[in-house]
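Here are a few exercises to work through with the sequence and the model side by side. Try each task before you read its solution.

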Amino acid sequence: MVEHEQRVAVLALHPQLIALLARLIGGAPELFQDQALLKPPLIGREKPWHQDNAYFNVPPDTPVVGVWIALDEATPENGCMYVIPGSHREGPVVHFKRRDWQICDTDVAAADAWTVPLQPGGCLIFHGLLHHGTPPSRSPLRRRALQFHYKPAGVAQIAPAQRLAVFGSEGKDVTC
Ligand SMILES: O=C(O)CCC(=O)C(=O)O
């Protein structure tokens, strides 16, 4: 979107945001993914608990930062973010192909979860290893969001097999 829509580029590359991200990342941030996340009314699907780094071919402990911006009011009813504060400090955890590419439900400290309701324009900034997800929506209110992901500029790429050796469950004698 950033390459095609100036209004998105203005947000994703805003100098104040980039300065904040540089402090969090400890170096120059590089935008590498932008997404529109649409949870429709009444039928919006769950995004189960996961760590974003499980999806990215960068060294698993890379300080990737996600920026999730609500475009509509986001509430527990229409599928706002749920996070487990501090869970990024546990490092990478095994993901399973279940309802999605996700952390096993029984491996998540769900009792420690915080909901993150946001007004339109409100923003959640979070580490790529944070355990997070969104519930299904049965609300009549749609929930739209933008999400940008940044990594340290110049960070090495890894092969998918290297990523799965850490985040994948195969060969680890673990069940879900
Ligand atoms: O917006 C959502 O419903 C889920 C977003 C998310 O956690 C992700 O894309 O990694």
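The exercises go from the whole chain to one strand, then to single residues.

This is a predicted model, in which local features need pLDDT of at least 70 and side-chain atom pairs count only at pLDDT 80 or more, while totals for chains, interfaces and linings use all residues. Residues are numbered from 1 along each chain as its sequence is written, and side-chain values use heavy atoms, with hydrogens and water left out.

**Exercise 1: the whole chain**

Work out how many helices and strands the protein chain has, and in what order they come.

Step 1. Count the elements: there are 3 helices and 10 strands. Helices (H or I, at least four residues) and strands (E, at least two) are DSSP runs, numbered from the N terminus.

Step 2. Read them from the N terminus: the order is α-α-β-β-β-β-β-β-β-β-β-β-α.

Step 3. Check the packing: the radius of gyration is 16 Å, close to the 16 Å of the globule rule for 176 residues, so the chain is as compact as a globular protein of that length. The radius is taken over C-alpha atoms, and the rule is 2.2 Å times the number of residues to the power 0.38.

Step 4. Look at the contacts (heavy atoms within 4.5 Å): of those with a separation of 6 or more, 88% join residues 24 or more positions apart.

Step 5. Add burial: 43% of the 176 residues count as buried. Buried means under 20% relative accessible area, exposed over 50%, and partly exposed in between (1.4 Å probe, protein chains only).

**Exercise 2: strand β3**

Find out how many residues of strand β3 are buried, and which strands pair with β3.

Step 1. Go through residues 65-70: 6 of the 6 are buried, so β3 is largely enclosed by the rest of the structure.

Step 2. Sort the side chains by direction. In a regular strand they alternate between the two faces of the sheet. Here V65, V67 and I69 point one way, and G66, W68 and A70 the other way.

Step 3. Look for partners (strands pair if DSSP finds at least two bridges between them). β3 pairs antiparallel with β8 (residues 123-127) over 5 bridges, and also antiparallel with β10 (residues 143-152) over 6 bridges.

Step 4. Follow I69: this residue stands opposite C123 in β8 and opposite L146 in β10.

Step 5. Carry on to β10: 9 of its 10 residues are buried, so β10 is largely enclosed too. Antiparallel to β10 runs β1 (residues 29-39), joined to it by 10 bridges; E30 has K151 as its bridge partner there.

**Exercise 3: two residues**

Describe the surroundings of A70 and then of G91: what does each touch beyond its neighbours within four places in sequence?

Step 1. Place A70: it lies in strand β3 and is buried, with a relative accessible area of 1%.

Step 2. List its contacts: they are L118, Q119, P120, G121, G122, R144 and A145. A145 in β10 stands opposite A70, and the C-alpha atoms of A70 and Q119 are separated by 6.7 Å, although 49 residues apart along the chain.

Step 3. Place G91: it sits in the loop between β4 (81-83) and β5 (95-97), and counts as buried at 13% relative accessibility.

Step 4. List the contacts of G91: they are Q51 and L129. From G91 to R144, 53 residues apart along the chain, the C-alpha separation is 29 Å.
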